Amino acid sequence: MIKSEKPTIFRSERETLKVTFLVFSGSSIMCVASAVDPLRAANRISGETLFDFKLVSVTGEAPVTTCGLPVAVSGRFDAAEPTDMLVVVAGFGTQNYATSALLAGLRRAARAARACGGVEAGTWLVARAGLLEGRSATTHWEDMEDFSAAFPGVDVRPDRYVIDGPVFTSGGASPTFDLMLHLVRTRLGMAAALDVASVFIYDQARAATDAQPLVSLGRLDGYDPRLAQAIRLMEAHVDQPLTIDAVAKRAGVTARTLESIFRKSIGETPGAYYLRLRLSAARRLVVDTRIAMADIAGRTGFSSAAAFSRAFSRAFGDAPVRLRRG
């Protein structure tokens with residue numbers, strides 16, 4: 001980190017992060033969703049507003065995406081309005097938006113923010129504002145050669161996304177989801193990132209006929225394949241939980257080794273993660289269905305409705321019956 005730079009946002013902290021998405025007409029709706037929805041899911045899962053985000057446009061009017069769908073925004077981009085993270089989302093036609101006033105606004109907002117960056121063609125606008133000079137960056141693979149020629153002072157890489165100090169860039173919709181998942185993981189931990197990935201059934205390539213997993217491992221950096229195997233075993237036995245010894249044996253490791261893998265990768269014991277997995281499944285049934293509590297208890301491996309209610313209350317701070325009523 002350069003001495004004058006603010007501390008990165010990609011670090012462990014639970015303080016609310018204020019995020020501004022500046023969206024342009026010509027953006028892909030998938031890029032917009034990939035940028036916003038993981039943060040929305042993280043808030044819902046945590047029960048807290050850990051990411052206070054809003055969408056704006058240059059004019060204050062709804063930008064129209066490439067599929068013809070407009071994106072509702074809360075107003076006009078104001079470079080003087082405080083934000084921790086500025087995300088520029090753009091697609092076709094960025095050359096039409098690179099006015100001197102806009103670029104000056106991006107520079108001003110970036111100086112005050114803790115981090116700023118571009119999604120897909122948003123990288124071009126960030127670069128034209130001079131914010132990528134001397135840094136590493138990426139953009140959509142179709143534009144890589146032209147981008148390199150236009151900005152010789154930028155170290156252009158073919159990566160899915162790049163983080164260089166307070167500046168980040170991503171190459172498209174799926175890499176943007178990866179980037180936001182990485183933001184969740186670094187700030188809130190691997191377990192929270194797994195939960196967010198699971199909301200979208202986000203996983204490595206799988207056949208359409210495969211069963212939808214409860215836990216989507218996604219492209220989380222460097223997870224141990226034995227971790228993935230253990231989690232798959234756990235999710236396959238939510239209703240009749242295996243012992244941790246049995247999970248370890250089927251994963252081909254000792255219980256001690258499995259605990260070490262979980263602590264290193266997720267930051268909690270296999271038993272704690274397994275219980276949280278079952279309770280998360282139970283919470284979905286409580287909130288999204290009218291299934292009787294006793295049946296939910298049975299489906300998620302609890303010996304009785306009373307035992308289920310106690311564990312649920314400890315985990316979520318409220319009894320399942322009260323949560324459903326609320």
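This is a short conversation about how to read some features of a predicted model.

Visitor: Let me start with helices. How are two packed helices described, and at what angle do helix 5 and helix 6 pack?

Guide: Two packed helices are described by the angle between their axes and the distance between those axes. Here, helix 5 (residues 173-188) and helix 6 (residues 190-199) pack at an angle of about 150 degrees, and their axes are 7 Å apart. The crossing of helix 5 with helix 6 is right-handed.

Visitor: Which residues of helix 5 and helix 6 meet?

Guide: From helix 5 come Leu 181, Val 184, Arg 185 and Leu 188, and they meet Met 190, Ala 192, Ala 193, Val 196 and Ala 197 of helix 6. Sorted by class, this contact has 8 nonpolar residues, no polar ones and 1 charged residue.

Visitor: How many of the residues of helix 6 are buried?

Guide: A residue counts as buried when its relative accessible area is under 20%. In helix 6, 8 of the 10 residues are buried, so this helix is largely enclosed by the rest of the structure. The buried ones are Met 190, Ala 191, Ala 193, Leu 194, Asp 195, Val 196, Ala 197 and Ser 198. They pack against helix 1, helix 5, helix 7 (225-236), helix 9 (255-265) and helix 10. Just after helix 6, Ile 201 has a positive phi of about 50 degrees.

Visitor: Now for empty space. How is it found, and how much lies in the largest pocket?

Guide: Rolling a probe the size of a water molecule over the atoms shows where empty space is left. In this model the largest pocket holds about 800 Å³ of space. Its lining has 33 residues, and those closest to the pocket centre are Ile 45, Asp 195, Arg 276, Ser 280 and Phe 316. Asp 195 is also one of the buried residues of helix 6.

Visitor: Which helix supplies the largest share of that pocket lining?

Guide: Helix 10 does, with 9 residues. Helix 1 (29-46), helix 6, helix 10 (270-288) and helix 12 (305-316) each supply at least two residues of the lining. By class, the pocket lining has 19 nonpolar, 5 polar and 9 charged residues.

Visitor: What about cavities: how many of 30 Å³ or more does the structure hold?

Guide: There are 2 cavities of that size. The largest cavity has about 70 Å³ of space. Its lining is made by Thr 20, Lys 54, Val 56, Arg 76, Phe 77, Asp 78, Glu 81, Pro 82, Thr 83, Leu 86 and Ala 109. That lining has 5 nonpolar, 2 polar and 4 charged residues.

Visitor: Let's follow Ala 109. Is Ala 109 buried or exposed?

Guide: Ala 109 counts as buried, because its relative accessibility is 5%. Ala 109 sits in helix 2 (residues 100-112). Leaving out residues up to four places away in sequence, Ala 109 touches Phe 77, Ala 79 and Leu 86.

Visitor: And in the strands, what could I look at?

Guide: Try Ser 170 in strand 8 (residues 167-170). Ser 170 is buried, with a relative accessible area of 0%. Beyond its neighbours within four places in sequence, the contacts of Ser 170 include Gly 118, Glu 120, Tyr 161 and Leu 179.

Visitor: Which strand holds Glu 120, and what is its phi?

Guide: Glu 120 belongs to strand 4 (residues 115-120). Its phi is near 50 degrees, a positive value in a residue other than glycine. Glu 120 counts as buried, at 17% relative accessibility.

Key:
Residues numbered from 1 in each chain as written. Predicted model: local features only at pLDDT ≥ 70, side-chain atom pairs only at ≥ 80, totals over all residues. Heavy atoms only, no water. Axes fitted to C-alpha atoms, helices over the stretch in contact; angles between N-to-C directions. Helix = DSSP H or I, 4+ residues; strand = E, 2+ residues; numbered from the N terminus. Left-handed = near helix turned anticlockwise from the far one by under 90°. Contact = heavy atoms within 4.5 Å. Nonpolar A, V, L, I, M, F, W, Y, C, P; charged D, E, K, R; others polar. 1 Å grid on protein atoms, 1.4 Å probe; cavity = no way out; pocket = protein on both sides within 12 Å on 5 of 7 lines; lining within 4 Å. Points joined across faces, edges and corners; volume = space filled by probe spheres on them. Buried < 20%, exposed > 50% of the residue type's maximum accessible area, 1.4 Å probe, protein only.
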